[in-house]
Amino acid sequence: MSASVARQLKPVDALEVSVLVDNVVDPLSTLPKGVTGELAVLQAKGLRVSSGHVRCCANHGLSLVITARVGSDVRILLFDAGPEAYTFARNGDRLRTPFGEVGGIFLSHGHWDHAGGMPEALRLVTSANGGKPVPFHVNEGMFATRGLRRPNGTVVPAEVVMNPVELERRGAALVNSPDARGVIEQLFYGSGEIPRVTPYERGLPPHVRLAADGANWEPDPLILDERYVAAHVKGKGVVVFTACSHAGVINVLRDARNVFGDVPLYAVMGGFHLAGTEVEAIIPDTVRDFGSFALKRIVPCHCTGWRAVHALAQVYNEDVLVPAAVGQQFVF
């Protein structure tokens, strides 16, 4: 089914991606062609006097505003919304994000660092579009109560993602299904469950979820509700957006390659989740297997971690490897 959905995807002329929320800001580093830094973006949006009040801020999470261009038409997908309202709203204001033109929202998985800003996102989108409900893509697994088990056995619960009733009350037109689907007029591919096939990508071992009895915690290392988004850019190939890669970024890329068949993968952008004691050991295997995809651009975000970025930088030059930062704009 996933491959048939991918085959029906309409190629786009270009993708423009604005980094609305990420873990870091980096307004000073020089950047390769196709990437614009925060300061230049802000200046293009009307910035005349620089100060701390007019700049973007970082937070632990991810939100991307993905604009597909087909001829003179544009369609905008909001991919995740970061951890909370303040960061999302502040950066959206500074970057002049056109929330009224957002044609769909896609939540990658049910963790607070991607979903905590969703109430504010829905408020900004619906207040800017005249109160119209916005298609909101989820699957049922995203609404589980989660946590992390500490070495001493205690569990630290995570903030609960809003339930479907609350999302609809705030303006979400829910598309709630575990399956792959076309998003916004078949311009974007929203994946189904990501097959776990590599021997080393084993999710997040201490991750747990609240059992059906509402009292006990059960192991949930694979975080099976995670999904990715992709788009086919004419003359280039498939650009994959992976928010946290709990499935493993190599598993994500393998699945994308399988479902898109003869269309090559061009780029991957998102969190690769290679930071933390539970996952840093697989960095060498991950960097090695990146080579099998011949990607033209690799854009680590959010939870990738400096060790993984450093390891990737030993293999890929700056025309391929471009770590993301808040306020940057990428063109594919």
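Start by selecting Val-249, Ile-250, Leu-253 and Arg-254 in helix H7, then add Thr-286, Asp-289 and Phe-290 in helix H8: these two groups meet each other. Keep in mind as you click around that this is a predicted model.

**The H7/H8 pair**

Now show both helices as cartoons. H7 and H8 pack at an angle of about 25°, and their axes are 9 Å apart. Angles under 35 degrees count as roughly parallel, and H7 and H8 are therefore roughly parallel to each other. If you look at how they cross, the crossing of H7 and H8 is left-handed.

Stay on H8 and pick out Ile-283, Thr-286, Val-287, Asp-289 and Phe-290, which are buried. What do the buried residues of H8 pack against? Turn on the surroundings and you'll find H7, strand E16, strand E17 (297-301) and helix H9 (306-313). To make sense of the spacing along a helix, remember that an α-helix has 3.6 residues a turn, so residues three or four places apart point the same way.

**Along the loop before H8**

Next, select Phe-272 together with Phe-290; both are buried. Before measuring anything, it helps to know that a pair of aromatic rings is described by the distance of the centres and the angle of the planes.

Slide one residue along to His-273, in the loop between strand E16 (265-271) and helix H8 (283-290). Check the backbone here: His-273 isn't a glycine, yet its phi is positive, at about 40°. Is His-273 buried or exposed? With 16% relative accessibility, His-273 counts as buried.

**The loop before H7**

Jump back to Ser-245, which you'll find in the loop between strand E15 (237-242) and helix H7 (249-260). Ser-245 is another non-glycine residue with a positive phi, near 55°. Ser-245 is buried too, with a relative accessible area of 3%.

Then click Cys-244, buried with a relative accessible area of 2%. Show the sulfurs: the closest cysteine sulfur to that of Cys-244 belongs to Cys-303 and is 3.5 Å away. Why isn't that a bond? The gap is too far for one, because a disulfide needs the two sulfur atoms within 2.5 Å.

**Counting disulfides**

How many disulfides turn up by this rule? The count comes to zero. Cys-57 is in no disulfide either, and the nearest cysteine sulfur, that of Cys-56, is 7.3 Å away. Select Cys-57 and you'll see that it is buried, with a relative accessible area of 17%.

**Aromatic stops**

Last leg: colour the rings. The structure holds six aromatic pairs. One of them is Phe-79 with Phe-106, a tilted pair with 6.2 Å centre to centre and 35° between the planes. The pair links distant parts of the chain, with Phe-79 in strand E4 (residues 73-79) and Phe-106 in strand E5 (residues 102-106), 27 residues apart. Phe-79 counts as buried at 0% relative accessibility, and Phe-106 counts as buried at 1%.

Now bring back Phe-272 and Phe-290, which form a tilted pair: 5.6 Å centre to centre, 50° between the planes. Phe-272 lies in the loop between E16 and H8 and Phe-290 in helix H8, so this pair ties together parts that are 18 residues apart in sequence.

Finish with Tyr-189, Tyr-228 and Phe-260, which ring pairs link into a cluster.

Key:
Residues numbered from 1 in each chain as written. Predicted model: local features only at pLDDT ≥ 70, side-chain atom pairs only at ≥ 80, totals over all residues. Heavy atoms only, no water. Buried < 20%, exposed > 50% of the residue type's maximum accessible area, 1.4 Å probe, protein only. Helix = DSSP H or I, 4+ residues; strand = E, 2+ residues; numbered from the N terminus. Contact = heavy atoms within 4.5 Å. Phe/Tyr/Trp six-rings, centres within 6.5 Å; stacked < 30°, edge-to-face > 60°. Axes fitted to C-alpha atoms, helices over the stretch in contact; angles between N-to-C directions. Parallel < 35°, antiparallel > 145°, perpendicular 65-115°, else oblique. Left-handed = near helix turned anticlockwise from the far one by under 90°.
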